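Trainee: Could we go over how labels get attached to a structure? I'd like to see the reasoning behind each one.

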Amino acid sequence: MAESSDLRLTKMPLNNRGGHIPALGFGTLIPDAAVTVTATRDALEAGFRHFDCAERYRNEREVGEALQAGIAAGGIAREDIFVTTKLWNSNHRPERVEPAFGASLDRLRLRYLDLYLIHTPFAFQPGDEQDPRDQNGNVLYDNGVTLLDTWRAMEALVDGGRCRAIGLSDISLNQLLPIYESARIKPAVVQVEAHPYLPETELLEFCKEKGIVLLAFAPLGHGMRPGLLEDPVISAIAVRVGKTPAQVLLAWAVQRGTALLTTPKSAARARENFDISTLPEDAIDEINSIQIRQRLNDVVNTGSPGFIPRVKSA
Ligand SMILES: NC(=O)c1ccc[n+]([C@@H]2O[C@H](COP(=O)([O-])OP(=O)(O)OC[C@H]3O[C@@H](n4cnc5c(N)ncnc54)[C@H](OP(=O)(O)O)[C@@H]3O)[C@@H](O)[C@H]2O)c1
């Protein structure tokens, strides 16, 4: 699947003539607006060319600002970067999809989008409230729309020419199968949590068989400690190959055939996370044999985003 012998420059082809997605991606789930701008700029300077956004992150404007500035300053063409954003749960009704897409494009200051994802398979009460709740604090779901209804509206965006590829996020293999079967335009990408503690092997095998790219989020285990960055197997490999634990985890993800999203927030970490190189096969085997199984983000169960709280690094 990989196109380059330099792991950092790996790109993966998307189905339906959707272009190529850089395997190393930068995620913009960053609560602070000013940090969003500096971290996006630093990622672009370090070499990242895929930027993963979402209406739900409420910072598409800041990402757009940083990308436009970087493009202008760095001699980078729009075609050299790959931008993804996501349709939020409260916009699943077909008539809300195109307006939500257009609003994201405007905030990102883009004329076309490389990839648009349905953020989660859960439809919330339609409207501008992103987190609709009843008086008891329970999420208000929308039973009046199916995931296939929403997918049909996503297909229409590709037909319209301003969206090059479409996909799904936070979805299980069981939920993906019926969409895959019924889709006129097959999903190009599936974005899910994936790392050595949650390898999603069955989903990855299905995706490879069907030419779908699995885009892994939280490849560093969201930086949680204790966690992957301190795992003894990862740490020992890092010492052996002269790389950092983060670089080992990111190389593993690319070598097993996934694209990934990481979110370094400093220039030094952006350079570190981009500077990956191929691991020897025995290291890949060792990582594959880690037995710990742990999901870190609960969004797949409810549609409400959130990493499960644990002790985090300073
Ligand atoms: N579809 C979904 O529902 C969904 C859910 C979650 C995430 N995502 C996407 O996936 C992206 C990545 O997720 P993530 O934030 O969990 O990724 P991640 O890269 O696994 O974790 C980021 C955390 O790791 C730390 N970190 C980064 N580089 C490091 C390094 N070299 N050494 C040590 N620690 C390092 C960061 O610390 P500092 O903050 O100190 O830099 C941050 O706390 C998000 O931005 C978003 O685009 C999607």
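Mentor: Let's take cysteines, then one loop residue, then a record.
Mentor: Residues are numbered from 1 along each chain as its sequence is written. This is a predicted model, where local features need pLDDT of at least 70, side-chain atom pairs count only at pLDDT 80 or more, and totals for chains, interfaces and linings use all residues, while side-chain values use heavy atoms, leaving out hydrogens and water.

Trainee: How do you know how many disulfides there are?
Mentor: A disulfide is a pair of cysteine sulfur atoms within 2.5 Å, and that rule gives zero here. For C53, the nearest cysteine sulfur belongs to C163, 13 Å away, and C53 is in no disulfide.

Trainee: Why is C207 not bonded to C163?
Mentor: Their sulfurs are 18 Å apart, and C163 has the closest cysteine sulfur to C207, so that's too far for a bond.

Trainee: What makes C53 buried or exposed?
Mentor: Buried means under 20% relative accessible area, exposed over 50%, and partly exposed in between (1.4 Å probe, protein chains only). C53 has 0%, so it counts as buried. C207 is buried too, with a relative accessible area of 0%.

Trainee: And I290, buried or exposed?
Mentor: Its relative accessible area is 7%, so I290 is buried.

Trainee: Which residues is I290 in contact with?
Mentor: Contact means heavy atoms within 4.5 Å. Leaving aside neighbours within four places in sequence, I290 touches P196, Y197, D231, V233 and I234. I290 and P196 are 94 residues apart along the chain, yet their C-alpha atoms are separated by 6.9 Å.
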